[in-house]
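Please report on the fold of this chain. Cover the sheets, the packed interior and the charged pairs.

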Amino acid sequence: MLNVLRKTITLPDGREIVIETGKLAKQADGAVTVTMGNTMLLATVCAAKDANPGVDFMPLQVEYKEKFSAIGRFPGGFTRREGKASDYEILTCRLVDRALRPLFPDDYHAEVFVNVTLYSADGVDMPDALAGLAASAALAVSDIPFNGPISEVRVARVGGEFIVNPTFEQLEGADIDLMVGATLDNIMMVEGEMQEVQESEMLEAIKVAHEAIKVQCQAQLELSEACGKLTKRTYCHEENDEDLRRDVHEKCYAKAYAVATSGTDKHSRAEAFEAIVEEYKAAFTEEELETKAPMIARYYHDVEKEAMRRAILDEGKRLDGRKTTQVRPIWIETDYLPGPHGSAVFTRGETQSLTTVTLGTKNDEKLIDDVLNYGKERFLLHYNFPPFSTGDARPQRGVGRREIGHGNLAHRAFKRMIPKDYPYVIRIISDILESNGSSSMATVCAGTLALRDAGVQIHKPVSGIAMGLISENKGQNYAILSDILGDEDHLGDMDFKVTGTADGITATQMDIKVDGLSYEILERALAQAREGRLHILGKMMEAQPETRPDLKPHAPRIETLRIGKEFIGAVIGPGGKIIQGMQEKSGATISIEEVDGVGIVEISGTNKASIDAAIGMIKAIVAMPEVGEVYQGKISSIMPYGCFVEFLPGKDGLLHISEIEWKRLETVEQAGLTEGQQIEVKLIEIDPKTGKFKLSRKALLPKPEGYVEPERRPRPERRPRRD
């Protein structure tokens, strides 16, 4: 027998979300469907009963997958089957993971697998805004330990009004697009992009999102109660020795505190911290360490964390000796590489990005073939994080989720600053050569510099900064940190990245690791971030006061023409014959497409002469022949009564034998004309009925002295036809 339970959530605009459990995937620890309109997600969660040996972290894995059948499409590729996760699916996974992960108990280390699958969609409602709710609801109806529930919503501002979970169409006109994850009481995650908005406007959007999330969290609690899952399973995943914990603290804390306040660099500090615990472990035998080493490592990690946090809260001393509002030293070099179309090195403290810009043509566009998003992308940003950037001796594999997430944040920071009609395809590549805190924000700064070095006339320069937080007593005592280090991120309570121009915020990403973050703290963090962001922007403008006025000599040149759509076929020609011929003759690359009823022709080349030649050919095709105009044509065929001349591409006219020369000719060959010969002709008539063209060559030749126009013989009258 099915025991189906449902909860209905009403959004502020009256639309409904339905959560249902008890019908599908009943062997999972928890399973729900979340439906909004014709969009339906299935979320399942399964957890191992015990932790694997030696695991002292939360092994959570979140997967989000969209089925092409959800919207009645076949996947691309040879197999016609869903393959590896798309960037969009990975980014959605990250949104869900970042909100869930901090809410599992600290001592719970069993493997947990969350799978969210899109099974139905119509392209109206956005499924990624429902994925967090679905994942949390699956946990809510399970007995897996979890300090939730949470939910996530997208909030957009369209025409000055905030909309919760906007449609795809509504989002197109938004100047704020934020995804917010939260519990009933606290904000856990924020990510999104904006059109240079003020800090107060962003806070207002977060508050609107949180009010909607509270309703969704309450619905999950009620569903959990109806399922009898308010009480979670018991577990014991850690072996602890409280006497050992106290001993580690007593013998190591003072030494760790001294290192935390020494102001040394990253590697020296890491070696000093490591020496403390190694000295402590030296007092134990090898047999004792077999059982105690994991606990010592865990307890000493807590000692390091406490020492760093107390140094900041009690003395205002950070690991590298800076004040809480101080940004690390910055050095910049632009036009660093001779080969790329633009390049820059941006170094802030121990974080360094070498970024390049490549300009391409329409042929370089990225093809997007996701389930609900297919089209072309003209602005690309790729972020790479090789192991040597942190001094790790390990191989470099493929692109991971971290690289995709960090690259997406930097992409969002720039995308509204690229002119919409910019003719070039742009690719930014950020290679992180050193890392100790916020390499994604270094990517934003280096990206701005490289774009300007390439001569890309972006609307405004963009900079970014990462903020941290150390707090205790639910935010009663706290310190906000500007330009955080890697350890301050790892041991702190917040990682808050903000990018923007001098006039407002363009993108943000925030992860909270602690309960009790008030809007007052958020407001102060945003204000302090603005100060730091403008400081960094000032350093960037000192190093590079102006955008390069023109592209570099080796960059491709692109010209764009707009033609009537009725001429598109004429430019392409049968089987592409005309356009291919023009490319071969000119040396330029030509592409054409119809956009909003207009033909857009893009001509690119490495020199102006080839582009001008191609433009001339295209203009000749789309030009309307005018009586009285002189054209350079080619004889395409010879007949007894004259010859046909292609005087414009795809347009032939008759040059009658009587119009070749002023003297009478018996044959065309008498004038020395041959097929394929280039001659100059004048258009003297267009037949209004047939549209045929009549050409003359003699009209361009001087009339012989004493020339008498021959009399035209009257045409004989036609005899009446007999029936």
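The report below goes through the sheet, the barrel, the cores, one helix and the salt bridges.

**Basis.** This is a predicted model, in which local features need pLDDT of at least 70, side-chain atom pairs count only at pLDDT 80 or more, and totals for chains, interfaces and linings use all residues. Residues are numbered from 1 along each chain as its sequence is written, and side-chain values use heavy atoms, with hydrogens and water left out.

**The open sheet.** Helices (H or I, at least four residues) and strands (E, at least two) are DSSP runs, numbered from the N terminus. Two strands pair if DSSP finds at least two bridges between them. An open sheet holds 8 strands, in the order S8-S7-S9-S10-S21-S20-S18-S19. Its pairing is antiparallel. Strand S8 (161–164) and strand S19 (477–482) are the edges. Each has a single partner strand, so one side of each lacks a neighbour in the sheet. Neighbouring strands are turned by 15 degrees against each other on average, direction ignored. Axes here are lines fitted to C-alpha atoms, for helices over the stretch in contact, and angles run from 0 to 180 degrees between N-to-C directions.

Several pairings can be followed residue by residue. S9 and S10 are antiparallel over 7 bridges, and a hairpin of 4 residues connects S9 to S10. Met179 sits opposite Glu191 in S10. On to S21: S10 joins S21 through 6 bridges, again antiparallel. There, Met189 has Asp511 in S21 as its bridge partner. Strand S18 (residues 463–472) is joined to S19 by 6 bridges, and Ser471 stands opposite Tyr478 in S19. S10 is mostly covered, with 10 of its 11 residues buried. Buried means under 20% relative accessible area, exposed over 50%, and partly exposed in between (1.4 Å probe, protein chains only).

Two helices lie across this sheet. Contact means heavy atoms within 4.5 Å. Helix H2 (residues 128–140) crosses strand S7 (151–158) and strand S9 (174–182), at about 155 degrees to S7. Helix H11 (residues 519–543) lies across strand S10 (187–197), S18, S19, strand S20 (494–501) and strand S21 (504–512). H11 runs at about 145 degrees to S18.

**The barrel.** A closed barrel of 5 strands runs S25-S26-S27-S29-S28, and its pairing is mixed. The twist averages 50 degrees from one strand to the next. Strand S26 (residues 642–648) and S27 are antiparallel, with 6 bridges. Val645 has Gly653 in S27 as its bridge partner.

**The cores.** A nonpolar core is a set of buried Ala, Val, Leu, Ile, Met, Phe, Trp, Tyr and Cys residues joined through side-chain atoms within 4.5 Å. The largest has 155 residues. Leu100, Phe104, Leu178, Ile426 and Phe496 touch the most other members. A second, separate core has 19 residues, including Tyr631, Ile657, Ile660 and Leu683.

Leu100 touches Leu60, Val62, Val114, Ala135, Leu139, Phe146 and Ile150, leaving aside residues up to four places away in sequence. Leu100 is also one of the buried residues of H1. In H1, 12 of 14 residues are buried. The end C-alpha atoms of helix H1 (residues 87–100) are 20 Å apart, which agrees with the 20 Å expected at 1.5 Å a residue. The expected span is 1.5 Å times one less than the number of residues.

**Salt bridges.** A salt bridge is a side-chain nitrogen of Lys or Arg within 4 Å of a carboxyl oxygen of Asp or Glu. The count comes to 62. Three are listed here.

| Pair | N to O distance |
|---|---|
| Arg298 and Glu238 | 3.6 Å |
| Arg318 and Glu488 | 2.8 Å |
| Arg697 and Glu661 | 3.9 Å |

Arg318 lies in the loop between H7 and strand S11 (330–334), and Glu488 in helix H10 (residues 486–491), so the pair ties together parts 170 residues apart in sequence. Arg318 is buried at 0% relative accessibility, and Glu488 at 1%. Arg298 is buried too, with a relative accessible area of 16%. Glu661 counts as buried at 18% relative accessibility.

One network is built from salt bridges that share partners. Its members are Arg98, Asp128, Arg154, Asp177, Glu191, Glu193, Arg412, Lys415, Arg416 and Asp511.
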